[in-house]
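Here is a quick tour of one chain, written for someone who would rather look at contacts than at cartoons. Have the viewer ready and follow along.

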Amino acid sequence: LSTVSNSFVSGSVTATGVVGGLAGYNAGTVSSSGASVSVSGTSGGVGGLVGVNNGGTVTNSYATGNVVGAADSTDVGGLVGQNTGTIQRSYASGNVNAGASSFNVGGLVGNNTGNINDAYALGDVTGNQNVGGLIGYELGDGKTVARTFASGAVSGSAATTGGILGY
């Protein structure tokens with residue numbers, strides 16, 4: 001994608017690959033957009049708004065639907081499944097539920113190696129390993145996560161579970 005702005009979608013999306021309520025893959029800009037979509041995926045990169053944000057920007061956007069990852073899914077997030085770019089002034093309010101062998105599950109982002117500023121997650125988060133209310137897995141050396149919060153219940157069946165950050 002190059003730029004998606006002022007765009008909104010509702011309904012449901014189910015896929016076996018990278019999947020998002022608005023876009024499966026983003027390397028450009030998503031701004032002032034939202035998804036009220038139930039999203040279900042079976043592999044890596046499952047997000048309420050964007051499945052994989054690969055160096056792109058998500059700004060002033062939201063996802064309100066529930067996100068479900070299969071038993072062995074990875075990188076499952078309420079807003080973005082996997083983020084290597086920038087997320088700012090955005091939120092997710094749906095519940096995130098990933099299966100018994102899942103990992104990297106977060107209320108906002110499942111797997112983050114990018115920047116996140118002025119963002120929050122409100123939904124409950126359930127998964128196996130690396131489960132966080134905001135971010136499931138964070139490896140953003142030199143990156144910033146600032147002015148964020150999460151308020152949902154978080155449940156992980158293995159180690160590395162936290163209210164904000166799983167690992």
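A residue counts as buried under 20% relative accessible area, as exposed over 50%, and as partly exposed in between. Keep those cut-offs in mind, because they decide how several side chains below get labelled. Also keep in mind that this is a predicted model.

**Overall picture**

The chain has 24 strands and zero helices. Its C-alpha trace spans about 40 × 35 × 25 Å along the principal axes. Of the 167 residues, 50% are buried. The accessible surface comes to about 6300 Å², and carbon and sulfur atoms own 48% of that. Sequence-distant contacts feature heavily: if you take the contacts with a separation of 6 or more, 78% are between residues 24 or more positions apart.

**An open sheet**

Six of the strands make an open sheet with parallel pairing, in the order 3-7-12-16-20-24. Its edges are strand 3 (19-20) and strand 24 (161-162), each of which pairs on one side only. Within the sheet, strand 7 (residues 46-47) and strand 12 (residues 74-77) run parallel and are joined by two bridges. Look there for Val46, which stands opposite Val76 in strand 12.

Strand 16 (residues 103-106) holds Asn104. Is Asn104 buried or exposed? With a relative accessibility of 6%, Asn104 is buried, because that value is under the 20% cut-off. The Asn104 side chain makes a polar contact of 2.9 Å with the side chain of Asn130. Leaving aside residues up to four places away in sequence, Asn104 touches a list of residues that includes Thr74, Asp75, Val76, Gln129, Asn130 and Tyr137.

**Strand 18 meets strand 22**

How many salt bridges does a search of the whole structure find? One. The partners are the side chains of Asp118 and Arg147, at 2.7 Å from N to O. Asp118 sits in strand 18 (residues 115-121) and Arg147 in strand 22 (residues 145-150), so the pair ties together parts that are 29 residues apart in sequence. Asp118 is partly exposed at 30%, whereas Arg147, at 57%, is exposed.

An aromatic pair links these two strands as well: Tyr120 is in strand 18 and Phe149 in strand 22, again 29 residues apart. Tyr120 is partly exposed, with a relative accessible area of 26%. Phe149 is partly exposed too, at 43%.

**Rings**

A search of the whole structure finds five aromatic pairs. Here are two of them, both stacked.

| Pair | Centre to centre | Angle between planes |
|---|---|---|
| Tyr120 and Phe149 | 4.9 Å | 5° |
| Tyr137 and Tyr167 | 5.3 Å | 5° |

Tyr137 belongs to strand 21 (residues 135-138) and Tyr167 to the segment after strand 24, so this pair ties together parts that are 30 residues apart in sequence. Tyr137 has come up before, as one of the residues that Asn104 touches.

Where does the pair of Tyr120 and Phe149 fit in? Ring pairs link both residues into a cluster with Phe8, Tyr62 and Tyr91.

**Where to click**

For a short visit, start with buried Asn104 and its polar contact to Asn130. Then move to the salt bridge of Asp118 and Arg147, and finish on the ring cluster that includes Tyr120 and Phe149.

Technical notes:
Residues numbered from 1 in each chain as written. Predicted model: local features only at pLDDT ≥ 70, side-chain atom pairs only at ≥ 80, totals over all residues. Heavy atoms only, no water. Pairing = 2+ DSSP bridges. Helix = DSSP H or I, 4+ residues; strand = E, 2+ residues; numbered from the N terminus. Salt bridge = Lys/Arg side-chain N within 4 Å of Asp/Glu carboxyl O. Buried < 20%, exposed > 50% of the residue type's maximum accessible area, 1.4 Å probe, protein only. Phe/Tyr/Trp six-rings, centres within 6.5 Å; stacked < 30°, edge-to-face > 60°. Polar contact = N/O pair within 3.5 Å; in protein donor to acceptor, adjacent residues only side chain to side chain. Contact = heavy atoms within 4.5 Å. Areas by Shrake-Rupley, 256 points an atom, 1.4 Å probe, with all protein chains shown as cover.
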